[in-house]
Amino acid sequence: MPNRCERLAYPEANLLRSPKNPEFTGEVDDKYQYSCDNRENRVHGWISMHSMIGFWIITASDEFKNGGILKQNLTSHAGPTCLSVFHSAHYAGEPLCAQFRNGETWTKVFGPIYVYLNSCLKNSSYSYLWDDAKRQMVSELNSWPYSWPSSPDYAKSYERSSVSGRLLVTDRYLSQATTCGSYAFLGLAMPGELGSWQTESKGYQFWTQADKNGVFTIRSVRTGEYNLYGWVPGILGDYQLQSIISISPGVMVNLGDLIFEPPRQGSTIWEIGVPDRTAAGFFVPEPNPRYVNRLFCNHLERFRHYGLWERYTEMYPSTDLIYTVGSSDWRKDWFFAHLCRIQQDGTLQPTTWQIRFDMDEVSSHGMYKLRLALAASSNAAVQIRFNDPDLYRPHFDTMQTGKDNAIARHGIHGLFHLFNIDVPSQLLRKGGNVLYLTQRKATSIFTGVMYDYIRLEAPPQ
């Protein structure tokens with residue numbers, strides 16, 4: 001309410017000045033702070049500690065949600081408002097909005113969603129309500145797919161099937177032997193291009209995580225035609241089985257051993273980060289004391305704090321980030337988002353980061369390769385220049401990419417983008433080199449990119 005709070009950079013964010021619950025005085029109330037990946041959103045809710053009542057939303061399956069398991073959605077709104085979001089463009093932008101043309105028909109079953117209410121004695125611990133909600137969640141997961149919905153469009157268990165197999169990885173620059181796709185994420189989605197599952201909204205998606213040996217089983221799959229997609233934590237790139245998988249009721253499909261050959265040209269000269277499709281491993285600063293949310297202090301998700309986009313300018317008021325391969329630590333020295341600099345008059349200035357590295361020799365045979373993986377991009381464009389920051393025409397330009405808006409919405413990732421950039425040997429030199437990364441768009445304080453992983457590869461041998 002206006003007399004109790006101060007509106008911040010966008011309407012959903014408010015600094016609580018005199019809330020009815022004085023415990024939260026001075027904190028930021030912002031629905032985006034409580035967003036969640038689809039794969040992690042099984043139960044969420046709200047507790048009244050005054051009357052010891054719990055209100056919970058339990059989602060036994062995310063098969064009907066758009067954008068796959070990494071799609072982020074809201075879980076709450078202002079006050080005790082719990083959300084169950086089926087389709088949205090949050091953290092992704094327009095590509096997630098399904099388009100229908102020329103009389104196209106469409107049918108999709110959303111849910112069912114289980115709304116669970118519980119209570120306990122007033123002298124009990126409120127954690128009882130949370131623990132009880134989690135127990136109910138497990139019960140609902142074990143009951144999926146439900147047997148009671150009467151709609152003919154809802155597929156019962158006997159109308160579904162499963163897909164199993166084992167994913168192996170072949171990257172001879174990491175290992176001469178084929179390795180297991182340990183803890184890979186594998187999913188079935190509508191047939192499309194490599195990685196198209198993350199912007200797919202019209203169909204259903206079914207995902208699982210493999211074990212340490214790469215063995216997986218995707219259960220309760222509806223009848224239809226699918227591509228198998230996936231990725232392996234710590235391994236760059238997307239996997240896709242090119243052949244179409246046809247699912248019939250009650251037929252168990254065993255794909256056997258599958259080989260994933262990640263993008264690779266030559267040996268690694270240097271790398272920054274770990275390819276996990278997020279910027280979580282990079283440096284996330286402490287929040288401005290004015291915008292603290294105590295829940296996220298000393299928390300793995302401290303990137304949820306409001307206003308972190310202002311911290312880059314505070315840390316780099318006149319010069320930009322410089323990372324030196326061999327001495328810098330990307331966990332401490334690589335800011336989690338490449339942002340504009342906020343000038344004293346409020347205008348914005350593009351920023352250029354540097355990666356400095358030495359080369360003992362430069363091969364004149366073959367092409368070097370730069371792998372630039374983005375965890376998110378919000379109307380940003382990154383230019384690449386080697387050893388000449390003033391070169392008018394950059395060696396590479398991503399052009400304006402993405403409308404994730406993950407920076408403003410406290411996400412640590414949006415849509416994944418991978419750029420594979422050829423680097424002619426004449427751009428490099430023996431001894432010291434500098435790679436310049438310029439985020440050239442200065443249209444908003446929220447404009448920027450989050451890097452996932454950067455790697456320079458030698459020519460093939």
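Student: What is the relative accessible area of Tyr34?
Tutor: Tyr34 has 29%, so it counts as partly exposed. Buried means under 20%, exposed over 50%, and partly exposed is in between, using a 1.4 Å probe and protein chains only. This is a predicted model: local features need pLDDT of at least 70, side-chain atom pairs need 80 or more, and totals for chains, interfaces and linings use all residues. Residues are numbered from 1 along each chain as its sequence is written, and side-chain values use heavy atoms, without hydrogens and water.

Student: Which ring does Tyr34 pair with?
Tutor: Phe296. The centres are 6.1 Å apart and the planes differ by 35°, a tilted pair. Rings of Phe, Tyr and Trp (its six-membered ring) pair with centres within 6.5 Å; planes under 30 degrees apart are stacked, over 60 edge-to-face, the rest tilted.

Student: Why does that pair tie together distant parts of the sequence?
Tutor: Because Tyr34 is in the loop between strands S3 (28-30) and S4 (36-37), while Phe296 is in the loop between strand S17 (268-272) and helix H2 (311-315), 262 residues apart in sequence. Helices (H or I, at least four residues) and strands (E, at least two) are DSSP runs, numbered from the N terminus.

Student: And Phe296, buried or exposed?
Tutor: Buried, at 4% relative accessibility.

Student: How many aromatic pairs does the structure hold?
Tutor: 36. One aromatic cluster includes Phe282, Trp330 and Tyr451.

Student: New topic. Which charged ends sit over the ring of Tyr204?
Tutor: That of Arg222 sits 4.2 Å from the ring centre, and that of Lys108 5.8 Å from it. The test is NZ of Lys or CZ of Arg within 6 Å of the ring centre and within 35 degrees of the ring normal.
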